[in-house]
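Subject: Two-chain model, handover and findings

Hello,

Here is the structure for your setup work. My notes follow below it.

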Amino acid sequence: MSEMLIKNATVYDPINSVNGDLMDVAVRNGKIVDSVGNSAQIIDAGGRLVYPGGVDAHTHIAGSKVNIGRVMRPEDSRLGIKARTKLTRPYTGYTVPNVYAMGYRYAEMGYTTAFEAAIPILKARHTHEELEEIPIIDKGGLTLFGSNWMVMDAIRENDQDRLAAYVAWGLLASRGWGVKIVNPGGGEAWGFGKNVSGLDDTVPNFEVTPRQIIRNLAEVNEKMNLPHSIHLHCNNLGKPGNYETTLASFDICKDIKASRDRQALHVTHVQFNAWGGNHWGDMESKSDAIADYLNKNDFLTIDMGQLIFGSATTMTADGPVQYANARLLKSRWSNGDVELEDSSGVTPLEYHAQNYVNGIMWAIGLELALLTKDPWQVLMTTDHPNGGPYVNYPQVMTLLMSKKKREEAMSKIAEKTFERTSIAGIDRELDWYDIAIKTRAAHAKVLGIVENGKGHLGVGADADIAIYDIKPDQTDATTEYNRVEAAFRRSAYTIKGGVVVAKDGEITATPMGRTYWVRTKVDNGGYDRMMEDLKLKFRNYYSVNMANYMVQDEYVEHPVVVDTEYK
Amino acid sequence: MIIKDVLCPFCGCLCDDLAVEVENNKVVDVKHACKIGASKIRGHDRIKAPMMRDDKNGEFREVSYEEAINESARILAKSKRPLLYGWANGLCEMMKKGILLTEEVGGIIDNTASVCHGPSALGVHEKGLPTGTLGQFANRADVVVFWGCNPVQAHPRHMGRYSVFNKGFFANKGRRSRKVVVFDVRKTDTANLADEYVQVKPGEDYMVLSALRAIVAGKGDVVPDTVGGVPKEKLAEVAETMKAAKFGIVYFGMGLTQSRGKYKNIDNAVSLITELNAHGKHSIIPMRGHYNVTGFGNVCAWETGFINAVDMSRGYPYYNPGETCSNDLLMREEIDAAFIIAGDAGAHFPAQSIARMGKVPVIQVDPFHNPTTEMANIVIPTKVSGVELEGTAYRMDGVSLRMRKLVDVDFPSDEEVLDKIIAKVREIKGASS
């Protein structure tokens, strides 16, 4: 029995409404408990800031897209290098770190959980091979369904039971946690170099629309009682004027009743989808319209997809947008179509502060977070490594906390940016409690892992705890942002499952994390109809046999399986 | 007993539809496989026991696994510049251990791609790789190009399963759905099956690719009458075929990667594909040789950040092809010990490299006798992965699959041997530090 007591902690635990209380946190066998005995290991926080371990609900940390990023960017792998030690393997990479750096760097910042945002089922084994080698943090992944033939056929034939049976099977096959939809229908159109341009376009050869795909998957998601809602990357990403598609996509799910205490729709990296104007020349921020919608509707959540100036490696299942990026920027381009399922693309690029398009993108991310009143509705992400690498989260946290820091940043950004955005006029400064929501509590709630003990410090929760070298009562984040940012970059302590895994930003232990996935029972006629269709597709169109397709248990060594039932 | 859906441990096609009949723990029949795959699964003269010799010209003597492993560890631990090469004919599980061992001994890890598709990786660093899974091409491609590769001989089921003769969802008439073009310096058996054969003068692929790019971009007037031995009219015709494709796919092999121009050929070919995407959909994919050579590139990339040729002597990965590939190091006579596993340096390296290997201790881990055995000092036989051991392999298109075990044998796996060497190396290094 191992026990730990964190004394004199200034705790922010929004899920349990703890707002800066000075208290002790007791840990036994990796879980939070009421109290511990005298022999417990004592950590004296000395009044310093204590958060639940950070949770990242949307990040690209594993799988073929990430790996092609590494292969095509040896210059990136030469950054951030740290030699091996007796305890740690070598670190490499900035936008596309190797598996070791991926886990160590999250832990060094006080993050203990991260969810990979895009798993193509056919390549899920690869994703899990990488996830299994990312040390320390707990993981999960979202499975791609938005351009899948099985999905589109079931929707066209109006057979929701069959659709549910397939989603359940796909989650099982990929050991996935939730339903990801990327540029619905567009991945299939990209199979012949085309795209869909709006919600009511017809997907070539499949006679369904993006609207139908979103709606049906949202309905089925709730009937399956999945822990997470559908997770949508909207159509028309990266195009001026796309905010209208984004708002219309929100509306599709307006009357969906969530089956759990969470949103009915999560829309991801909205920064890339909140653009006004008709072309690059008149592009402008429409974050006000998006925030206005969020302020009036509580059925949905979003994440920022904040842009970080400097190098990024964009990677997405949105294949056509990557080709467009590569042509526009004359950049390297990798494409990765996945038969019957989806597309994908990887393009390295550089965000420049003196480029007003990039400036506007930078402003939109912050505006979305600051103009939306309810902090629970907008998660802080950079859509790593699309907007920029996650190691920059402390920078984003302090940008949200300090107007002065934003002004300092704005002084280096192309002036035209501020004619097209409202960021300069926003006074709001988030506090310690808001940041706890935006970097852990809301992520856990949106993902549906609060009941698995994530994102909070209530009794029974996992003892995932971050202690930062900040005394909240003596620190003014609005002016001392440099010191705050430094403290968030290197936690004083990161505790994962009751084990101190990092101290003063150095790794001290490397336990393996767990992987969350969902198993849903669908036992009506839909299952048989689905299997019939699936067997046909394997016999005629897949290049692998069905018997070799599903991810085997060997690839998920520390699983946490959540069971649900389709009704 | 018939075991179905068996994966084939021969080439990068990683066919997963074999049926293998096993009786009394012996393979008695292999169905659906090509002759080469079937032969590998049926098995042939194995190395029976670990062997050692001090003098490379002398006879081997049989030793215990313990003795062979301990001596291997001793050689690697005291080596200042060990090369750990091969890694293509094995499973990802052992590759992970190989990278760890390389870290432990501060060596260089390099795989067979070094003398194969290594230049393709450099092309990808320059331009990326617009590609997809083999089923995507099988279902959609209406124009199929083979450039400097000969699947009839090297990937015998490729044309039947993925690229030419098979039916696909859109390409639903099989062979008749597709126009097949072959670029090669000689009229191969693959070329004999093509609709169009373009004979390129040896070493002039780069020029031919450039001419095609110019024509596709509407700048055909700058192209001379003949390029690389190919008349301009023929190039214009092929460019038109490619441009008119709804879905074009280029499969390329060592005729492109290992001929004059090397990685620049790949750079140029990828540029052609990128530009063609302004017209229809186009993809390109290297025809990988060993069944899991693609797996090594993947494992190495996610563990070290680099695809191959990784030097760990600094305690962190350092990659600089031209400096850190096996043959760079051997020819500069830097290497003072070589560990060859799941790949055959002896058969494929140039004479100058072989000469160096003749002067340094060589450890071989492999189920089979091959030219590397001839220059080895220590030979450690292991299980045949995918026949006697299950585990992960990556098909040429990056789809990972789990190889099956068909029969039981007493040999240790590559992974077990590596584990023991790592433990022993740690013991030796721990004692000396």
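How many bridges join strand 16 of chain A to strand 8 of chain B, and do the two run parallel or antiparallel? Three bridges join them, and the two strands run parallel. Strand 8 of chain B covers residues 130-132.

First, the ground rules. This is a predicted model, in which local features need pLDDT of at least 70 and side-chain atom pairs count only at pLDDT 80 or more, while totals for chains, interfaces and linings use all residues. Residues are numbered from 1 along each chain as its sequence is written, chains are lettered from A and ligands numbered from 1 in the order in which they are written, and side-chain values use heavy atoms, with hydrogens and water left out. Helices (H or I, at least four residues) and strands (E, at least two) are DSSP runs, numbered from the N terminus. Two strands pair if DSSP finds at least two bridges between them.

The shared sheet

Strand 8 of chain B belongs to an open sheet of four strands, in the order 15(A)-17(A)-16(A)-8(B). The pairing is mixed. Strand 15 (310-316) of chain A and strand 8 of chain B are the edge strands, and each pairs on one side only. The twist averages 25° from one strand to the next (axes are lines fitted to C-alpha atoms, for helices over the stretch in contact; angles run from 0 to 180 degrees between N-to-C directions). Across the chain boundary, A:Gly336 has B:Thr131 as its bridge partner. Within chain A, strand 15 and strand 17 (residues 345-351) pair in the antiparallel sense over seven bridges. There, A:Ser311 is partnered by A:Glu350.

The interface

The contact (heavy atoms within 4.5 Å) takes 53 residues from chain A and 66 residues from chain B. The buried area between the chains is about 5100 Å², and carbon and sulfur atoms give 52% of that area. Buried area here is the accessible area (1.4 Å probe) that two parts lose on being put together, summed over both.

Nine salt bridges are counted between chain A and chain B. The criterion is a side-chain nitrogen of Lys or Arg within 4 Å of a carboxyl oxygen of Asp or Glu. One of the interchain salt bridges pairs B:Arg402 with A:Glu554, with the closest N and O atoms 4.0 Å apart. There are also 45 residue pairs in polar contact between the chains, both residues at pLDDT 80 or more. A polar contact is a pair of N or O atoms within 3.5 Å; within protein, one must be able to donate a hydrogen and the other to accept it, and residues adjacent in sequence count only if both atoms are side-chain atoms.

Several elements give two or more residues to the side of chain A that touches chain B, among them helix 1 (64-72), helix 11 (319-329) and strand 16 (334-337) of chain A. Helix 1 of chain A gives the most, with five residues.

The N-terminal sheet of chain B

Strands 1, 2 and 3 of chain B form an open antiparallel sheet in the order 1-2-3. Strand 1 (2-6) and strand 3 (26-31) each have a single partner strand, so one side of each is left without a neighbour in the sheet. Strand 1 and strand 2 (residues 18-23) of chain B pair over three bridges. B:Val6 stands opposite B:Leu18 in strand 2. Helix 1 (residues 35-42) of chain B packs on the sheet and touches strand 2 and strand 3 of chain B. Its direction makes about 165° with that of strand 3 of chain B.

Details to check in chain A

- A cis peptide bond joins A:His384 and A:Pro385, with omega about -10°.
- A:Ile136 has a positive phi, near 75°, and is not a glycine.
- A:Glu506 and A:Lys82 meet in a salt bridge (3.8 Å, N to O), and the two are 424 residues apart.

Best regards
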